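Welcome! Take a look at the sequence and the structure below, then try each exercise before you read its solution.

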Amino acid sequence: MTNGKQRPLGVHSLDHFTLAVPDLDAAEKFFRAFGLDVERGAARLYLRCFGSEHVWADIIREQRKKLKSVRFGIFPEDEKAFKERLGPVAADRPIRALGTSMWIKAPDGLCVEVAVSGKTSPDEKVECGLPPLYSHARGTGPRSAMGVIRPRRLAHLALFSKSVPEAISFYQEYLGLRLSDKSGDDVAFMHGPHGSEHHMVALARSGGPGLHHSSWEVRSIAEVGQGAMQMEEAGYPSGWGVGRHVLGSNYFYYARDPWGSYAEFSADMDFIAAGAGWEALDSPPEDSFYQWGPRPPEDFGTNYELA
Ligand SMILES: [Fe+2]
């Protein structure tokens, strides 16, 4: 489906998520350790990346951890067409300074918001080579001179879903996302049609909806490794990595949060340009998950949001 300019109608960016957790103090400590700029509001936390005003996530307090909503950004010129597309199924709800957003429920109940926003997904492949940090003669420097790793933006979310094929259809039909790759009906990865990384949404089969991980962009595999150490030294030794994914190609380290989900340091993911031809693979599990790295924790795929 296209708008009047024969441009595909689709969201351009992953913009925000709201996550409920039982303990805001614990969340503040975790996300600060992860290198995010955490603002404490009256009854919630606002997560930003240092040097930017963009609020990537609201963390609110409820008895159980639960992903409450996910927001995607659209171009202003697409607002009318999106209203027509979502109108029969969306319920308008006012939301802070954003004016009127469009809300729609994913098949398994996740609240999805579509709103006009600036494009935050990259327009080209993010360069991940680091310039020499110390000198051309010495590739590295003293450990004591290492800085804090601070992610630059929210890169993607990995969502549990009761039915991955149904979720793929939903995100294709209503949001205009496209399938990047999948592995049977177990996992799938979706990108935006206006230039985005290999995935702004990953889908994983589970008994119901939930957040598996939020993923945050860092500059290099060096920063992925340093981020892993940063989390261990801050009291978060559990996680998975460092390794490299097959689908998406990114280097990763997953830090386990206090509720059994993860925040991922991610670098060097594949990029899919607007209008680029992209053939989605359907890869067997052993060739879709990770190319190299340690074995994942046994409960890595557990959805702790299920009752
Ligand atoms: Fe990820």
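Here are some short exercises, each with a worked solution.

This is a predicted model, in which local features need pLDDT of at least 70, side-chain atom pairs count only at pLDDT 80 or more, and totals for chains, interfaces and linings use all residues. Residues are numbered from 1 along each chain as its sequence is written.

**Exercise 1. Describe the overall build of the protein.**

Step 1: Start with the elements. The protein has 4 helices and 20 strands; helices (H or I, at least four residues) and strands (E, at least two) are DSSP runs, numbered from the N terminus.

Step 2: Turn to compactness. The radius of gyration is 19 Å, close to the 19 Å that the globule rule gives for 307 residues, so the protein is as compact as a globular protein of that length. This radius is taken over C-alpha atoms, and the rule is 2.2 Å times the number of residues to the power 0.38.

Step 3: Check burial. Of the 307 residues, 42% count as buried (20 or more other C-beta atoms within 10 Å of a residue's own; exposed means 12 or fewer, partly exposed in between; C-beta atoms are placed from the backbone).

**Exercise 2. Follow helix α4 and find what it packs against.**

Step 1: Helix α4 covers residues 221-233 and reaches 19 Å from its first C-alpha to its last, close to the 18 Å expected at 1.5 Å a residue (1.5 Å times one less than its number of residues).

Step 2: Its buried residues include V224, G227 and M231. The buried residues of α4 pack against α1 (24-33), β15, β16 and β17.

Step 3: Zoom in on V224. Leaving aside neighbours within four places in sequence, V224 is in contact with V218, V242, Y251, F252, Y253, F265 and A267 (contact means C-beta atoms, placed from the backbone, within 7 Å).

Step 4: After the helix comes G235, whose phi is positive, near 100°.

**Exercise 3. Look for unusual backbone geometry.**

Step 1: Find the cis peptide bond. The bond from G241 to V242 is cis, with omega near 0°, and V242 is found in strand β15 (residues 239-245).

Step 2: Which loop holds S249? S249 lies between β15 and β16 (251-256), and has a positive phi of about 70° although it is not a glycine.

Step 3: Is D268 buried or exposed? D268 is buried, with 23 other C-beta atoms within 10 Å. This residue, D268, also has a positive phi of about 70° without being a glycine.

Key: Contact = placed C-beta atoms within 7 Å.
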